[in-house]
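Here are some quick notes from a read-through, written as numbered points. Have a look at the model first, then see whether you agree.

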Amino acid sequence: MLRRKSLAFFVILLFIVSSSFFTPLYSFSKENGTKKNMDIAVVEFDVKGDLGIEDTGAIIAEWMISAIGRTEKYNLKERILLKKILEEQQLGLAGVIDEQTTSKIGKVYGVQGIVTGSVIKWGDVISVTVRLIDTETGSILQTADVKTTNVNDIPAHIERLALVI
């Protein structure tokens, strides 16, 4: 009886200790230094290389808005309004969001984070990269990417990208 209790205690102790040392190989719920319910905006993604799809950057941004909204991690601001502000302020017209641009967007639009990214075609490989940028510091808070050889696979990866950022 004492042996059985000792064995049960040992197994429970082993479980507790091992669970604190081992983390899942792929986890979407890791702490990334971002505030829950942070106000963010998604801007059109930069496109590099010919994918043969008109408005690819805008389409990816729209999908990201929906996917990020489903995570309920952030408060989303309307992308269309943000695009209008960018045009009015002549920001981001070169397809590059830098520290100064994110700071201006943060002040003008009242967001703490900007989600942006790129779609790159290199040979047969298509890469979609997404970044969450702090509007106060210009620092990248989180980044994620997916690569595929089939453009039709991209929509299936958008949810994963939204969960990671």
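1. A definition to start with: the expected span of a helix is 1.5 Å times one less than its number of residues. Keep in mind that this is a predicted model.

2. How does that work out for H2? The helix has 16 residues, so it should span 22 Å, and its end C-alpha atoms sit 23 Å apart, which agrees. Right after H2 comes Glu72, with a positive phi near 60°.

3. H2 (56-71) is one of the elements giving two or more residues to the largest nonpolar core; the others are strands E1 (38-42), E4 (113-122), E5 (125-134) and E6 (140-148), plus helix H5 (154-164). With six residues, H2 supplies the largest share of this core. The buried residues of H2 include Ile60, Ala61, Met64, Ile65 and Ile68.

4. Which members of that core touch the most others? Of its 25 residues, they are Phe45, Met64 and Ile68. Setting aside residues up to four places away in sequence, Phe45 touches Gly57, Ile60, Ala61 and Met64, among others, and its list also includes Thr116, Val119, Val128 and Val130.

5. There's another core, apart from the largest one, with six residues; among them are Val43, Tyr109, Val111 and Ile114.

6. Is Ser127, over in strand E5, buried or exposed? Its relative accessibility is 10%, and buried means under 20%, so Ser127 counts as buried. Leaving out neighbours within four places in sequence, Ser127 is in contact with Ser118, Val119 and Ile120, and also with Asp145, Val146 and Lys147.

Technical notes: Residues numbered from 1 in each chain as written. Predicted model: local features only at pLDDT ≥ 70, side-chain atom pairs only at ≥ 80, totals over all residues. Heavy atoms only, no water. Core = buried A, V, L, I, M, F, W, Y, C linked by side-chain atoms within 4.5 Å. Buried < 20%, exposed > 50% of the residue type's maximum accessible area, 1.4 Å probe, protein only. Helix = DSSP H or I, 4+ residues; strand = E, 2+ residues; numbered from the N terminus. Contact = heavy atoms within 4.5 Å.
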